[in-house]
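Notebook open, with the protein-DNA surfaces up first and a helix pair after that. I am jotting things down as I look them up.

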Amino acid sequence: MAEAPLWIVLGRVDGAPVAALLDSAGEEQERVSLSDDRLPSWVADREAAGPRWVWSDATPWYTRLLAAGVRVGRCHDLRLCHAILRDSALVVEAPSLRAAAEWDAAPVAEVEETATLFALDDAGGATGAPDGLDETLEEFRRQRAALAEASDPGRLRLLLAAESAGALIAAELQAAGLPWDAAAHDRILTEILGERPAGGGLPARMQDAADRVRRELGDPAASLDSQPKLLRSLHRAGVLVESTSRWELAQHDHPVVAPLIEYKKLSRLLSANGWAWVDEWVHDGRFRPVYVPGGVVTGRWASSGGGALQIPRQLRGAVRSDPGWVLVVADVAQLEPRVLAAMARDEKLADAARGRDLYSGIVDSGAIDTRQHAKVALLGAMYGATTGESGRLVPRLRRAYPRAMALVDDAARVGEEGGVVSTWLGRSSPAPSSGWRDSQLRASEAEASGADETRARRWARDRGRFTRNFVVQGTAAEWALSWLADLRGRLAELPPVTEAQTSPRSGPVFEARPHLAFFLHDEIIVHTPEDRVDVVVDAVRDAAASAGRLLFGSFPIDFPLDLKVSRTAVKD
DNA sequence: TACTGGTGCGCG
DNA sequence: AAAGCGCGCACCAGTA
């Protein structure tokens with residue numbers, strides 16, 4: 001009997017899906033012609049042997065499978081992995097990847113209407129990654145070769161697996177959706193803004209705030225939504241601000257300030273997450289945002305549409321589990337400094353991080369006097385603060401935690417010099433732009449003007465702050481992906497619940513089992529049947545511990561979770 | 001009418 | 001108008 005294929009590569013030939021089965025040596029064993037209709041059941045059959053599915057881009061392939069009720073365990077997302085390998089400083093064989101520019105493809109958004117998914121024609125103008133079978137196989141070979149030659153293939157393999165798992169999770173999060181109670185959302189809006197206006201007017205409380213602002217400005221026609229006009233009105237009223245930002249307004253003692261800040265708050269809520277947002281984004285009790293894995297240079301996810309990663313805390317009460325289900329809401333306390341301690345092998349910082357609150361740990365160690373100062377100093381160290389309270393406090397941190405601080409200081413120096421830095425698993429920062437390099441070059445010439453030098457120095461420092469933060473933010477993203485991927489595996493092993501407990505709005509794959517419902521950098525929400533909550537909580541915690549070991553081995557760093565079980569996602 | 005850039009603010 | 005990183009989105013104004 002033939003060995004079960006390790007990889008199954010999916011691609012299209014003359015528009016129809018074809019599968020190429022590869023053995024452990026990467027040799028093709030067999031080729032199977034399929035159709036879009038037959039693909040899901042064929043994949044489901046093959047999934048039993050646990051292959052890694054290789055495809056151009058998880059979004060189009062996996063979204064269709066999920067809609068047909070088929071889940072897979074592992075994949076290799078060529079588009080995402082291409083971007084990592086192409087830029088990674090650990091990869092020696094990058095030129096051939098760079099030459100394959102057709103794989104530098106932007107993510108394509110998948111439409112939501114599941115019924116029409118299979119009818120979609122890729123020729124609809126979207127420019128995604130190539131999905132022809134030959135091109136797909138060729139790119140997979142290139143990536144395998146690049147990996148084999150890499151200076152630390154083990155780390156990169158972890159990164160590619162985590163990134164690809166993220167691609168699966170993003171599609172699954174969208175398919176399952178975040179349980180969203182439109183009626184609760186409406187109650188929150190009504191309480192804060194006033195009744196939803198029937199016509200074109202403003203909600204009552206917003207109108208009231210606007211009236212008070214105009215009265216205090218002595219300008220009944222003042223425009224509150226146009227920054228230049230508002231600025232002029234403020235100046236006429238004697239409020240000499242340079243901008244209309246909340247921060248600057250709050251510095252001034254004038255009766256217009258309070259109502260104006262209130263108006264801006266209400267206006268923001270209405271325009272970003274008001275009734276129009278609910279109408280557009282919440283359907284059938286679910287908010288289904290479009291996640292963009294790897295959408296940020298550091299490896300963090302981005303989102304597109306719906307402002308999925310910017311849901312205001314005020315509206316967390318609208319996130320409500322289905323009847324008989326609950327939410328497990330968990331986030332990591334101070335993820336980035338913990339990751340920094342582990343990367344730098346800084347045992348003193350790791351000691352301060354032990355237990356719950358890292359900032360208090362720093363205070364207890366005697367390095368800094370108050371929790372607030374410890375927080376400001378540490379953020380300043382990771383972001384590159386040079387002035388203000390933060391800038392003043394950083395040197396104390398440097399004395400107390402020299403290893404950790406040396407890591408970020410080195411990253412900043414490399415960035416200022418035009419170099420490339422990398423995360424723990426090997427995602428590298430982009431090289432400086434040609435404009436940046438030109439500016440540094442010009443400033444170093446004998447005839448450089450003072451302005452040239454000033455600009456070059458500013459740009460160098462800007463880039464230094466970017467690379468300083470890149471290593472920490474990017475490694476934190478790797479930890480979070482590992483946590484998610486591990487948790488996803490644990491949840492998939494739980495037995496499904498009985499039909500009476502199913503929640504069809506989560507889609508065919510997730511209606512009968514605990515599933516991830518939300519992810520935001522260092523926070524996850526799991527939607528689970530009530531009677532599974534204990535095992536889910538254990539899974540969330542075990543996955544966090546496991547992610548720490550996967551990245552940092554036996555280095556003694558804790559990743560404690562703030563975890564709550566509740567019908568809503570409210571945070572305190 | 002469609003675009004781009006600036007501003008401001010939500011999230012981590 | 002943040003200091004000090006990374007994003008997305010709404011809105012307005014200016015321009016093509």
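I started with the classes on the surface near DNA strand C: eight nonpolar residues, 16 polar and five charged. For the classes, I count Ala, Val, Leu, Ile, Met, Phe, Trp, Tyr, Cys and Pro as nonpolar, Asp, Glu, Lys and Arg as charged, and the others, Gly among them, as polar. "Near" is used for a residue with a heavy atom within 4 Å of the molecule or strand.

Ground rules, before I forget: this is a predicted model, where local features need pLDDT of at least 70 and side-chain atom pairs pLDDT 80 or more, while totals for chains, interfaces and linings use all residues. Residues are numbered from 1 along each chain as its sequence is written, chains are lettered from A and ligands numbered from 1 in the order written, and side-chain values use heavy atoms, without hydrogens and water.

Next I asked who comes nearest to DNA strand C. Of the 29 residues around that strand, Ser226, Trp247, Gly305, Thr386 and Arg465 do. On the DNA side, 65% of the strand C atoms within 4 Å of the protein belong to sugar and phosphate.

Then I looked at polar contacts (pairs of N or O atoms within 3.5 Å). Thr386 puts a polar side-chain atom 2.6 Å from a phosphate oxygen of strand C, and Arg465 has one at 2.6 Å from a phosphate oxygen too. For Ser245 the side-chain distance to a phosphate oxygen of strand C is 3.4 Å.

Which helix gives the most to this surface? Helix 20 does, with four residues. My helices are DSSP runs of H or I with at least four residues, and strands are E runs of at least two, numbered from the N terminus.

I followed helix 20 to its partner, helix 19 (residues 434-444): the axes come within 8 Å and cross at roughly 135 degrees. The axes are lines fitted to C-alpha atoms over the stretch in contact, with angles from 0 to 180 degrees between N-to-C directions. The two helices are therefore oblique to each other, oblique being what is left after under 35 degrees (roughly parallel), over 145 (roughly antiparallel) and 65 to 115 (roughly perpendicular).

Last stop, DNA strand B. Gln227, Thr244, Arg246, Gln310 and Asp522 come nearest of the 17 residues around it, and sugar and phosphate make up 76% of the strand B atoms within 4 Å of the protein. I noted a backbone polar atom of Thr244 at 2.6 Å from a phosphate oxygen. Arg300 reaches a base nitrogen of strand B, with a side-chain N or O atom 3.1 Å away.

Note on methods
Polar contact = N/O pair within 3.5 Å; in protein donor to acceptor, adjacent residues only side chain to side chain.
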